[in-house]
Amino acid sequence: QVQLVESGGGLVQAGDSLRLSCVASGGSVNTYTMAWFRQTEFVAGITSNGGRTYTADAVKDRFTISGDSTRSIVHLQMNSLKPEDTAVYYCALRRRLEVTIPTEMIEYEYWGQGTQVTVSS
């Protein structure tokens, strides 16, 4: 079974930046898609080959998803944070690599416990 652990959340002021990280372990994840959600809203996703990313229009000018060379860690760099970004951010993994990165929660099989991001004015 795959275990996902998020980190990097916290309490910040508007305009600040945070970098969230998600570490996947405990299973075979040779081919997969990983994504970030906040509550039920898709934020960004990345494929295991690192060649494809998709970021929601609402945040793509401020947020960037990336993976490290191991392909088992993904990051979400969040810049120019706004109060409306306040949410619990969840890391999710799908044991598939699709041409189009899924944006629905139901498509993802494994979930972390979430990391709280709070942005004050």
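Contact, as used in these exercises, means heavy atoms within 4.5 Å. The structure is a predicted model, in which local features need pLDDT of at least 70 and side-chain atom pairs count only at pLDDT 80 or more, while totals for chains, interfaces and linings use all residues. Residues are numbered from 1 along each chain as its sequence is written, and side-chain values use heavy atoms, with hydrogens and water left out.

**Exercise 1. The surroundings of Gly9**

Task: Determine where Gly9 is found and which residues Gly9 touches.

Solution.
Step 1. Helices (H or I, at least four residues) and strands (E, at least two) are DSSP runs, numbered from the N terminus. Gly9 is found in the loop between strand 1 and strand 2 (10–13).
Step 2. Buried means under 20% relative accessible area, exposed over 50%, and partly exposed in between (1.4 Å probe, protein chains only). Gly9 has 33% relative accessibility and therefore counts as partly exposed.
Step 3. Leaving aside residues up to four places away in sequence, Gly9 touches Leu20, Thr115, Gln116 and Val117.
Step 4. Leu20 is eleven residues from Gly9 along the chain, and the two C-alpha atoms are separated by 6.3 Å.

**Exercise 2. An open sheet**

Task: State the order of the strands in the four-stranded open sheet and identify its edge strands.

Solution.
Step 1. Two strands pair if DSSP finds at least two bridges between them. The order in this sheet is 1-3-8-7, and the pairing is antiparallel.
Step 2. Strand 1 (3–7) and strand 7 are the edge strands, since each pairs on one side only.
Step 3. From one strand to the next, the twist averages 15 degrees, where axes are lines fitted to C-alpha atoms, for helices over the stretch in contact, and angles run from 0 to 180 degrees between N-to-C directions.
Step 4. Strand 7 and strand 8 run antiparallel and are joined by five bridges. Thr64 stands opposite Gln77 in strand 8.

**Exercise 3. The disulfide**

Task: Locate the disulfide and describe its geometry and burial.

Solution.
Step 1. A disulfide is a pair of cysteine sulfur atoms within 2.5 Å. The structure holds one, which joins Cys22 to Cys91 with an S to S distance of 2.0 Å.
Step 2. The link of Cys22 and Cys91 is left-handed, with -85 degrees about the S-S bond.
Step 3. Cys22 lies in strand 3 and Cys91 in strand 9, so that the pair links distant parts of the chain, 69 residues apart.
Step 4. Cys22 is buried, with a relative accessible area of 0%; Cys91 is likewise buried, at 0%.

**Exercise 4. The largest nonpolar core**

Task: Identify the residues of the largest nonpolar core that touch the most other members, and the element that gives the largest share.

Solution.
Step 1. A nonpolar core is a set of buried Ala, Val, Leu, Ile, Met, Phe, Trp, Tyr and Cys residues joined through side-chain atoms within 4.5 Å. The largest one has 34 residues, of which Leu4, Met34, Trp36, Leu76, Met78 and Tyr89 touch the most other members.
Step 2. Elements giving two or more residues to this core include strand 3 (18–25), strand 4 (33–38), strand 5 (41–47) and strand 11 (115–120). The largest share, five residues, comes from strand 9.
Step 3. Not counting residues up to four places away in sequence, Tyr89 has contacts that include Leu20, Trp36, Arg38, Leu76, Met78 and Val117.

**Exercise 5. Salt bridges**

Task: Give the number of salt bridges and describe the network that includes Arg38.

Solution.
Step 1. A salt bridge is a side-chain nitrogen of Lys or Arg within 4 Å of a carboxyl oxygen of Asp or Glu. The count comes to six salt bridges.
Step 2. Arg38 and Glu41 form one of them, at 2.9 Å from N to O. Arg38 is buried at 9% relative accessible area, whereas Glu41 is partly exposed at 34%.
Step 3. Asp85 and Arg62 form another, at 2.7 Å from N to O. Asp85 lies in the loop between strand 8 (73–78) and strand 9 (87–94), and Arg62 in the loop between strand 6 (53–55) and strand 7 (63–67), so the pair ties together parts that are 23 residues apart in sequence. Both Asp85 and Arg62 are buried.
Step 4. Salt bridges with shared partners join Arg38, Glu41, Arg62 and Asp85 into one network.
Step 5. Lys60 and Asp57 also form a salt bridge, at 3.3 Å from N to O, and both residues are exposed.
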